[in-house]
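Here are my notes on the model you asked about. Have a look at the sequence and the picture before you read on.

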Amino acid sequence: MVAKAAVKINLFTKFFDWTTTPKELIIPCHRHADAYEILHMFHLRKDMEYKVIAEGFLDENDNFMTRAEAFEEALRCEQ
């Protein structure tokens with residue numbers, strides 16, 4: 001069952017000790033635009049500190065699904 005929207009990003013920020021490789025971060029939200037507002041509130045800039053991998057959704061177990069996968073899941077669950 002599709003539970004909520006989410007945005008998956010690669011985070012490059014220097015506030016963490018992740019200088020060698022970016023780390024994936026999934027931001028759960030009510031709408032996809034809310035995730036970008038959250039990033040803006042934390043003063044993260046898209047040009048330097050993160051790269052969007054995918055907009056998608058989380059299921060009831062917090063597993064990330066792409067839009068296409070979520071569409072199939074919604075049809076399967078009759079949402």
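The points below go from the overall layout to single residues.

1. **What we are looking at.** Keep in mind that this is a predicted model. The protein chain has two helices and four strands. If you walk along the sequence, you meet them in the pattern β-β-α-β-β-α.

2. **The sheet.** How are the four strands ordered in the sheet? The order is β2-β1-β3-β4, in an open sheet with antiparallel pairing. At the edges sit β2 and β4 (64-66), each of which pairs on one side only. From one strand to the next, the twist averages 40°. As background, strands of a sheet pair through backbone hydrogen bonds, either parallel or antiparallel.

3. **A close look at one strand pair.** Try finding strand β3, residues 50-59, next to β4. These two run antiparallel and are joined by three bridges. For a spot to zoom in on, pick L58: its bridge partner in β4 is F64.

4. **How the helices sit.** Both helices pack on the sheet, so let's take them one by one. Helix α1 touches β1, β2 and β3, and its direction makes about 135° with that of β3. Helix α2 (residues 67-76) touches β1, β3 and β4, and its direction makes about 100° with that of β4.

5. **The core.** Which residues make up the largest nonpolar core? There are 10 of them: A5, V7, I9, L11, I27, C29, A35, L39, L44 and Y50. At least two residues come from each of β1 (2-11), β2 (23-29) and α1 (32-41). Strand β1 gives the most, with four residues. This fits a general trend: in soluble globular proteins, nonpolar side chains tend to be buried together.

6. **One core residue up close.** A5 is a good place to practise reading contacts. Leaving out residues up to four places away in sequence, A5 touches I27, P28, C29, H30, R31, H32, G56 and F57. Two of the names in that list, I27 and C29, also belong to the core from the previous point.

7. **Contacts and surface for the whole chain.** Of the 79 residues in the protein chain, 33% are buried. Take the contacts between residues at least 6 apart in sequence: 57% of these join residues at least 24 apart. The chain exposes about 5700 Å², and carbon and sulfur atoms supply 56% of that area.

8. **The cysteines.** How many disulfides does the structure hold? The count is zero. C29 has a relative accessible area of 9%, so it counts as buried, since the cut-off is under 20%. C77 is at 27% relative accessibility and therefore counts as partly exposed.

9. **Two residues with positive phi.** H43 lies in the loop between α1 and β3. Its phi is near 60°, a positive value in a residue other than glycine. E78 lies in the segment after α2, and its phi is near 55°, again positive in a residue other than glycine. Are these two residues buried or exposed? H43 is at 66% relative accessibility and E78 has a relative accessible area of 72%, so H43 and E78 both count as exposed, because the cut-off is over 50%.

Methods
Residues numbered from 1 in each chain as written. Predicted model: local features only at pLDDT ≥ 70, side-chain atom pairs only at ≥ 80, totals over all residues. Heavy atoms only, no water. Buried < 20%, exposed > 50% of the residue type's maximum accessible area, 1.4 Å probe, protein only. Contact = heavy atoms within 4.5 Å. Areas by Shrake-Rupley, 256 points an atom, 1.4 Å probe, with all protein chains shown as cover. Core = buried A, V, L, I, M, F, W, Y, C linked by side-chain atoms within 4.5 Å. Disulfide = S-S within 2.5 Å. Pairing = 2+ DSSP bridges. Axes fitted to C-alpha atoms, helices over the stretch in contact; angles between N-to-C directions.
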